[in-house]
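This report describes the fold, the ligand surroundings, two helices and several individual residues of one protein. The sequence and the structure are shown first.

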Amino acid sequence: MKKDKLIVVATPLEAEFVVQGFKCDFEKVKVASGVAFFPKSDEKHAVLTTGIGKTNSAIVLTHFFNNFFIPEEVINTGICGAYPGEGISIGHIAVAESEIYGDEGVEADRFYTLEDIAFPSLIKKDETYFNEFKIPHSKSVRLKLLKKTKLSVYGGKFITVSTTTSNPELEIKRKELFNPLCESMEGAAVCHTCYAFDVKFTEIRGVSNFVGSYAKEGWQIERAMQLTAGSVYAYIEE
Ligand SMILES: O=C(O)c1cccc(C(=O)CC[C@H]2O[C@@H](n3cnc4c(=O)[nH]cnc43)[C@H](O)[C@@H]2O)c1
């Protein structure tokens, strides 16, 4: 097994899409409340399933780092919701340029961020982080995917939420607050954990739906998972 990169997903179905494309046998190992797939091949990478949401992601990834190995880079992948209006659509690929906790703060007369209320989420060396974690190498990730795949690949800010943005009022509000390209329920927590452990963080997601509505019949979950798995292979290929 190669240990330079670790692929992190939220759900068993997302793991299945990634693992099946590796075309090798895997050993399944329990990691706290999650599951790791360790490939029985020197050429392939491990895949970690955390369960959905910020808490599961942080618990399982921290447990993995402490008990298995610390990779040079974590690649967080899976599906996401896109904010309409940026050209991005269902079946497109999105690369995070920064990860933002979209609902950590205070909801009062307006939304107050962690910075507004002076509550850092992480203090490290000389840096203090609040809602946002920047991902400076993301442009090179996007360029690599554009070069190596025929997919539409967008870059922008991702927000991570506990409550999905499934009505138009919340969509407008979060768009005005953070100008996000996409949202998920794990990204910022995985990114935060990587910052804490000095691990490079990359996030590549496939758009399964638009935010702003709760019409689940329009979601294309399996197509988005398939395309995302393909873009992760393209990214990790030397
Ligand atoms: O069945 C439902 O009612 C339901 C409501 C909201 C989300 C789901 C999911 O299955 C998605 C959760 C899963 O996928 C990511 N994801 C995908 N689209 C979005 C989105 O628009 N907003 C936030 N997260 C999204 C997320 O990272 C979770 O892992 C089901």
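The text below proceeds from the overall fold to the ligand shell, the helices and single residues.

The structure is a predicted model, in which local features need pLDDT of at least 70 and side-chain atom pairs count only at pLDDT 80 or more, whereas totals for chains, interfaces and linings use all residues. Residues are numbered from 1 along each chain as its sequence is written.

**Overall fold**

The protein contains six helices and 14 strands; helices (H or I, at least four residues) and strands (E, at least two) are DSSP runs numbered from the N terminus. Its radius of gyration is 17 Å, close to the 18 Å that the globule rule gives for 238 residues, so the protein is as compact as a globular protein of that length. The radius is taken over C-alpha atoms, and the globule rule is 2.2 Å times the number of residues to the power 0.38. The C-alpha trace spans about 55 × 40 × 30 Å along the principal axes.

Of the 238 residues, 42% count as buried. A residue is buried if 20 or more other C-beta atoms lie within 10 Å of its own, exposed if 12 or fewer, and partly exposed in between, with C-beta atoms placed from the backbone. Among contacts with a separation of 6 or more, 72% join residues 24 or more positions apart. Two residues are in contact if their C-beta atoms, placed from the backbone, lie within 7 Å.

**The ligand shell**

The ligand is surrounded by 16 residues, of which the closest are Ala10, Gly81, Thr164, Ser184 and Met185. A residue is near the ligand if its C-beta atom, placed from the backbone, lies within 6 Å of it. Strands β5 (73-82), β13 (182-184) and β14 (200-210) each supply at least two residues of this shell, and β5 gives the most, with four residues. By character, the shell divides into seven nonpolar, seven polar and two charged residues. Here Ala, Val, Leu, Ile, Met, Phe, Trp, Tyr, Cys and Pro count as nonpolar, Asp, Glu, Lys and Arg as charged, and the others, Gly among them, as polar.

**Helices α2 and α3**

Helix α2 (residues 54-67) has 14 residues, which at 1.5 Å a residue should span 20 Å; its end C-alpha atoms are 20 Å apart, in agreement with that value. The expected span is 1.5 Å times one less than the number of residues. The buried residues of α2 are Lys54, Ser57, Val60, Leu61 and Phe64. They cover an arc of only 150° around the axis, which puts them on the same side of α2; the arc is that of the directions from the helix axis to the C-beta atoms. An α-helix has 3.6 residues a turn, so residues three or four places apart point the same way. The cover over the buried residues of α2 includes β1 (2-9), β2 (26-31), β3 (34-39), β4 (45-49), β12 (153-160) and α5 (187-196). The face of α2 turned away from its buried side carries the exposed residues Asn66 and Asn67.

In helix α3 (residues 138-148), the buried residues are Ser138, Val141, Arg142 and Leu145. Their arc around the axis is only 95°, which puts them on the same side of α3. These buried residues pack against β6 (93-101), β12, β14 and α6 (221-236). Exposed Lys139, Ser140 and Lys147 occupy the face of α3 turned away from its buried side.

**Individual residues**

Two strand residues are buried, and two loop residues are exposed, by the following counts of C-beta neighbours.

| Residue | C-beta neighbours within 10 Å | Class |
|---|---|---|
| Leu6 | 25 | buried |
| Gly155 | 20 | buried |
| Ala118 | 8 | exposed |
| Asp198 | 10 | exposed |

Leu6 belongs to strand β1. Apart from its neighbours within four places in sequence, Leu6 is in contact with His45, Ala46, Leu48, Pro71 and Val74. Leu6 and Gly105, 99 residues apart in sequence, are 30 Å apart in space, C-alpha to C-alpha.

Gly155 is placed in strand β12. With neighbours within four places in sequence left aside, Gly155 is in contact with Val95, Glu97, Ser138, Lys139 and Arg142. Between Gly155 and Leu143, twelve residues apart in sequence, the C-alpha to C-alpha distance is 9.7 Å.

Most residues other than glycine have a negative phi. Ala118, in the loop between β8 (111-113) and β9 (122-124), has a positive phi of about 60° although it is not a glycine. Asp198, in the loop between α5 and β14, likewise has a positive phi of about 60° without being a glycine.
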